[in-house]
Amino acid sequence: MTKEMGVLYGVGLGPGDPGLITLRAAELIKGAKVIAYPTLAGGDSFARSIAADLIPETAREIVMDVPMSVEREPAQAAYDKGAERIAAALNDGFDVVCLCEGDPFFYGSFMYLFARLSEQFKVEVVPGVTSLTACAARAALP
């Protein structure tokens, strides 16, 4: 019997307001056994803070400590390490919900994980409410 691999979900969290998380994103986060997200060089994760009330207490968390510097290599190494840890969970049959500020593919860091993992694993991208549309709504300007 072969073990089925997990699915990687790149979940957009919208423009920072927990009330603007889509229903699909909330459903995936609430049911997650494994959550992954970036942090800024040892600091807190804004992505995690947006979804904090939805994350199950029992969820295993994969933290990707991404240094912000002008050199690309340290950040790329952080995504390499994060992708390895995510791949291990997927290979063990766990779905992984990756939290993404804004939208996973609209200037989102999820694109780096997608590039590393999408050829080997099933990946589903759950778009988030973009800051562009949230700004227009907040400003009441069409």
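**Close-up views of a predicted model**

**View 1. Tyr107 is an exposed residue in a loop of this predicted model.** Tyr107 counts as exposed because its relative accessibility is 75%, and a residue is called exposed when this value is over 50%. The loop that holds Tyr107 runs between strand E4, residues 96-100, and helix H4, residues 110-117.

**View 2. Tyr107 takes part in a nonpolar patch on the surface.** Together with Phe106 and Leu132, Tyr107 makes up this patch, which covers about 400 Å².

**View 3. The largest pocket of the model holds about 390 Å³ of space.** Its lining is made by 20 residues, and those that lie nearest the centre of the pocket are Pro38, Glu101, Tyr107, Gly108 and Ser109. Tyr107 therefore belongs both to the nonpolar surface patch and to the lining of the largest pocket, while being exposed at 75% relative accessibility. Sorted by kind, the lining residues comprise ten that are nonpolar, seven that are polar and three that are charged. Strand E2, which spans residues 34-40, contributes the most to this lining, giving three residues.

**View 4. Glu4 and Gly93 are far apart in sequence but meet in a close-up of the fold.** Although 89 residues separate Glu4 from Gly93 in sequence, the distance between their C-alpha atoms is 5.6 Å in space. Glu4 is found in the segment that comes before strand E1, residues 8-12. Because its relative accessible area is 69%, Glu4 is classed as exposed.

Methods
Residues numbered from 1 in each chain as written. Predicted model: local features only at pLDDT ≥ 70, side-chain atom pairs only at ≥ 80, totals over all residues. Heavy atoms only, no water. Patch = residues over 30% accessible without salt bridge, like charges linked within 9 Å, V, L, I, M, F, W, Y side chains within 5 Å. Areas by Shrake-Rupley, 256 points an atom, 1.4 Å probe, with all protein chains shown as cover. Salt bridge = Lys/Arg side-chain N within 4 Å of Asp/Glu carboxyl O. Helix = DSSP H or I, 4+ residues; strand = E, 2+ residues; numbered from the N terminus. Buried < 20%, exposed > 50% of the residue type's maximum accessible area, 1.4 Å probe, protein only. 1 Å grid on protein atoms, 1.4 Å probe; cavity = no way out; pocket = protein on both sides within 12 Å on 5 of 7 lines; lining within 4 Å. Points joined across faces, edges and corners; volume = space filled by probe spheres on them. Nonpolar A, V, L, I, M, F, W, Y, C, P; charged D, E, K, R; others polar.
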